[in-house]
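Dear colleague,

I am handing over the structure below, together with an account of what was found in it. Please look through it before reading on, since the notes follow the chain itself.

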Amino acid sequence: MKKTLLFLIVIAFSIHAFALTSIKTKKVLDGPFCPGAHTTVGYTVDAAANSGNVFTAQLSDKDGNFTSPINIGSIVKTTNGNIPCTIPTGLPSGTKYRIRVVSSNPAVIGSTTQNKIGINPKPNDLSVTGVNACQATLNWTSLPTAASYKVQYRLAGNGAWSESIDVGTNTSYTFTGLFSSMSYEFQVRAVCSGGEKSDWSKKTSSTAACATPTNLIVTAVGLTTSSLDWADAACT
């Protein structure tokens, strides 16, 4: 009886020792992604899962939290593998998404990807150059996910933005017809090939004062008339 009990304990210990307890989600090498894009998520396990097990890749929210994870792909497998995944549409743009892999039999939650993942990220590194009394140029860094960009502007503090201007794949745009000595807000967003739009990136800048005419020259002075010439001033 003692030998039988000992034998059963050894078997139970052996089964437990070789059961799946850990899943490591590999780094996702491609990205950033547009919604609807496809990718592959790799993972490794410390032991084989049970027969009929399903490994599922889950996507976090834009801040990297898994409070309400989204399933983006799955495979029926018991050992190491790669899961074909599709990035869902309708997600907010962001650069802090993460992915993890979970199993169904036994139920194990794997580690999250070490790297953060961008989904339709908004343009960054904004700057405003070429500012004078009536125009300013907004610049930004190119994004691999962008099929085009849209820009807008408004007077700072004014709730009404201009109509969106499609600038194609250009990474700068010059706003003209501005008022002198005024503060303006400029913004740009990226648009994926499927039409999904990123959040807006904003930048504020002020136009210069109206230029004072210079290089005045008086010529053709007569008894009752004369001629005054001056250098052309920008935005007049």
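**Two charged pairs and their setting**

In this model, which is predicted rather than determined by experiment, the side chains of Lys-150 and Asp-166 meet in a salt bridge, with a distance of 3.8 Å from N to O. Lys-150 belongs to strand β12 (residues 148-155) and Asp-166 to strand β13 (residues 165-166), so this pair ties together parts that lie 16 residues apart in sequence. Asp-166 has a relative accessibility of 48% and therefore counts as partly exposed.

The count of salt bridges comes to two, and the other pair is formed by the side chains of Glu-185 and Arg-154, which meet at 2.6 Å, N to O. Here distant parts of the chain are linked, as Glu-185 sits in strand β15 (residues 183-191) and Arg-154 in strand β12, 31 residues apart. Are the two partners buried or exposed? Glu-185 is buried, with a relative accessible area of 16%, and Arg-154 is buried as well, at 17%, where the cut-off for buried is under 20%.

Another acidic residue that you may wish to look at is Asp-199, which is found in the loop between β15 and β16 (201-206) and which, at 34% relative accessibility, counts as partly exposed. Once its neighbours within four places in sequence are left aside, Asp-199 is in contact with Ser-93, Lys-122, Pro-123, Val-188 and Arg-189. Between Asp-199 and Gln-187, which are twelve residues apart in sequence, the distance from C-alpha to C-alpha is 9.8 Å.

As for the chain as a whole, its secondary structure comes to one helix and 18 strands. The radius of gyration is 31 Å, well over the 18 Å that the globule rule gives for 236 residues, so the chain is more spread out than a compact globule. Along the principal axes, the C-alpha atoms fill a box of roughly 135 × 30 × 30 Å.

Buried residues make up 36% of the 236 residues, while the chain exposes about 13,400 Å², of which carbon and sulfur atoms supply 54%. Among the contacts between residues at least 6 apart in sequence, 59% join residues at least 24 apart. Finally, the chain carries 18 positive and 12 negative charges, and the mean positions of these two sets are 19 Å apart.

With kind regards

Key
Residues numbered from 1 in each chain as written. Predicted model: local features only at pLDDT ≥ 70, side-chain atom pairs only at ≥ 80, totals over all residues. Heavy atoms only, no water. Helix = DSSP H or I, 4+ residues; strand = E, 2+ residues; numbered from the N terminus. Rg over C-alpha atoms; globule rule 2.2 N^0.38 Å. Buried < 20%, exposed > 50% of the residue type's maximum accessible area, 1.4 Å probe, protein only. Contact = heavy atoms within 4.5 Å. Areas by Shrake-Rupley, 256 points an atom, 1.4 Å probe, with all protein chains shown as cover. Lys, Arg positive; Asp, Glu negative; His and termini not counted. Charge placed at Lys NZ, Arg CZ, Asp CG, Glu CD. Salt bridge = Lys/Arg side-chain N within 4 Å of Asp/Glu carboxyl O.
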